[in-house]
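Dear colleague,

Please find below the structure that I am handing over to you. The notes that follow set out what was found in it.

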Amino acid sequence: MADESEHTAAPASGESLLDKIAEKIHGHHDSSSSSDSDSEKKETSSIKEKVFRLFGREKPVHSVLGGGKPADVLLWRNKKISASVLGVATAVWIFFELLEYHLLTLVCHISILVLAVLFLWSNAHTFIHKAPPCIPTVHLPEEPIRQFASALTIEINRGFAALHAIGSGRDLKTFLIIIVGTWIISIVGSWCNFLTLFYIVFVLLHTVPVIYDKYEDKIDPLAEKALIEFKKQYAVFDEKVLNKIPKGPLKGKKLA
């Protein structure tokens with residue numbers, strides 16, 4: 001009986017040892033598979049992070065445009081409002097540009113019409129048996145106007161500081177970009193007046209962002225190729241031309 005109990009105990013211990021080894025193997029396999037999946041996830045996330053985005057942006061187009069209702073209008077999230085805004089702008093451009101109506105004349109005619117209607121209604125309400133018109137009192141708050149003026153002053157001072165830095169000859173690259181950009185704007189301005197130029201920019205703001213937001217996966221690779229080619233051409237131009245131009249004066253000189 002003792003021999004039989006020993007023989008039965010031996011296989012049981014052997015089976016338990018095999019079960020432990022199998023559990024360790026499976027546990028190691030699961031941990032290795034989980035680590036492999038984690039590494040794959042990290043690789044895919046790193047690949048996604050390395051995807052080229054136009055102007056080096058890291059946020060969605062909606063956030064780049066400032067978010068809120070203005071971004072919704074520019075991206076046509078509400079098609080009725082966006083179409084209405086673009087339609088009003090088109091009507092204003094047609095009214096002033098094609099029909100050659102002047103702004104001052106329009107303001108004066110609207111003022112005459114509104115004042116005449118209110119004056120006649122205020123004096124004739126007893127004859128037509130209707131209540132007199134309720135003319136609201138218009139009062140502009142001071143605080144928003146002060147905040148706007150303060151923000152505008154800060155931006156103007158930044159512009160003057162940038163112009164001072166460019167004119168001092170310290171940044172040749174920025175100087176050339178500003179000169180070329182201003183020259184292009186002057187050429188475009190000679191083709192049309194300010195109202196038409198403003199309308200063109202307004203239409204571009206309502207078309208280009210929504211097209212880019214819809215087809216950014218196709219536009220970004222093309223923009224990356226164009227940027228690489230531009231950097232190559234600029235490197236050649238920098239080596240042959242810009243490096244031969246003497247730099248501006250230093251910021252400060254040490255006294256002996």
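**Ser82 and its surroundings**

Ser82 has its place in helix 4, which covers residues 79-98. Please bear in mind throughout that this is a predicted model. The relative accessibility of Ser82 is 0%, so this residue counts as buried. When its neighbours within four places in sequence are left aside, Ser82 is in contact with Asp72, Val73 and Trp76.

One of these contacts, Trp76, belongs to the loop that joins helix 3 (68-74) to helix 4. Although Trp76 is not a glycine, its phi is positive, at about 60°. Trp76 counts as partly exposed, because its relative accessibility is 24%.

A positive phi is also found at Glu100, again a residue that is not a glycine, with a value of about 55°. Glu100 sits in the loop between helix 4 and helix 5. With a relative accessibility of 60%, Glu100 counts as exposed.

**The chain as a whole**

The chain contains 10 helices and 0 strands, and its pattern along the sequence reads α-α-α-α-α-α-α-α-α-α. Of its 256 residues, 9% are buried. Among contacts with a separation of 6 or more, 56% are between residues 24 or more positions apart. The chain exposes about 21,500 Å², and 68% of that area is supplied by carbon and sulfur atoms.

**Annotated spans**

An unreviewed UniProt entry carries the annotation "transmembrane region" for residues 81-96, 102-121 and 175-205. In the model, residues 102-121 are 95% helix and 0% strand, with their end C-alpha atoms 29 Å apart. Residues 175-205 are 94% helix and 0% strand, and the end C-alpha atoms of this span lie 27 Å apart.

**Aromatic pairs**

How many aromatic pairs does a search of the whole structure find? The search finds 4. In one of them, the ring centres of Phe95 and Phe96 are 5.7 Å apart and the planes stand at 90°, so the pair is edge-to-face. In another, the rings of Phe95 and Tyr101 have centres 4.8 Å apart and planes at 40°, so this pair is tilted. Phe95, Phe96 and Tyr101 together form one aromatic cluster.

The members of the cluster can also be described by their accessibility. Phe96 is buried, because its relative accessible area is 17% and the cut-off for a buried residue is under 20%. Phe95 has a relative accessible area of 29% and is therefore partly exposed. Tyr101, at 27% relative accessibility, counts as partly exposed.

**A nonpolar surface patch**

Leu113, Val117, Trp121, Phe127 and Ile128 form a nonpolar patch on the surface, and together they have about 540 Å² of accessible area. Phe127, one of the residues in the patch, lies in helix 5, which covers residues 103-128. Is Phe127 buried or exposed? Its relative accessibility is 68%, so Phe127 counts as exposed.

**Salt bridges**

Side chains of opposite charge can pair when their charged atoms come close. A search of the whole structure finds 2 salt bridges.

One salt bridge joins Arg146 and Glu142, whose closest N and O atoms are 3.2 Å apart. Why are Arg146 and Glu142 separated by about one helical turn? The two residues are 4 residues apart in helix 6, which covers residues 142-167. Arg146 and Glu142 are both exposed.

Another salt bridge is formed by the side chains of Arg158 and Glu155, with an N to O distance of 3.4 Å. These residues also belong to helix 6; because they are 3 residues apart there, about one helical turn separates Arg158 from Glu155. Arg158 counts as exposed, as its relative accessibility is 54%. Glu155 has a relative accessibility of 47% and therefore counts as partly exposed, since exposed means over 50%.

**In brief**

To recapitulate, the model is predicted and its chain has 10 helices and 0 strands. Ser82 in helix 4 counts as buried, whereas Phe127 in helix 5 counts as exposed. Phe95, Phe96 and Tyr101 make up an aromatic cluster. In helix 6, Arg146 and Glu142 are 4 residues apart, and Arg158 and Glu155 are 3 residues apart.

With kind regards

How values were computed
Residues are numbered from 1 along each chain as its sequence is written. This is a predicted model: local features need pLDDT of at least 70, side-chain atom pairs count only at pLDDT 80 or more; totals for chains, interfaces and linings use all residues. Side-chain values use heavy atoms; hydrogens and water are left out. UniProt positions are given in the numbering used here, feature names are shortened, and annotations may be inferred rather than shown by experiment. Patches are made of residues with over 30% relative accessible area and no salt bridge: like charges are joined within 9 Å, nonpolar side chains (Val, Leu, Ile, Met, Phe, Trp, Tyr) within 5 Å. Accessible areas come from the Shrake-Rupley method with a 1.4 Å probe; for residues, only the protein chains shown count as cover. A salt bridge is a side-chain nitrogen of Lys or Arg within 4 Å of a carboxyl oxygen of Asp or Glu. Buried means under 20% relative accessible area, exposed over 50%, partly exposed in between (1.4 Å probe, protein chains only). Rings of Phe, Tyr and Trp (its six-membered ring) pair if their centres lie within 6.5 Å; planes under 30 degrees apart count as stacked, over 60 as edge-to-face and the rest as tilted. Contact means heavy atoms within 4.5 Å.
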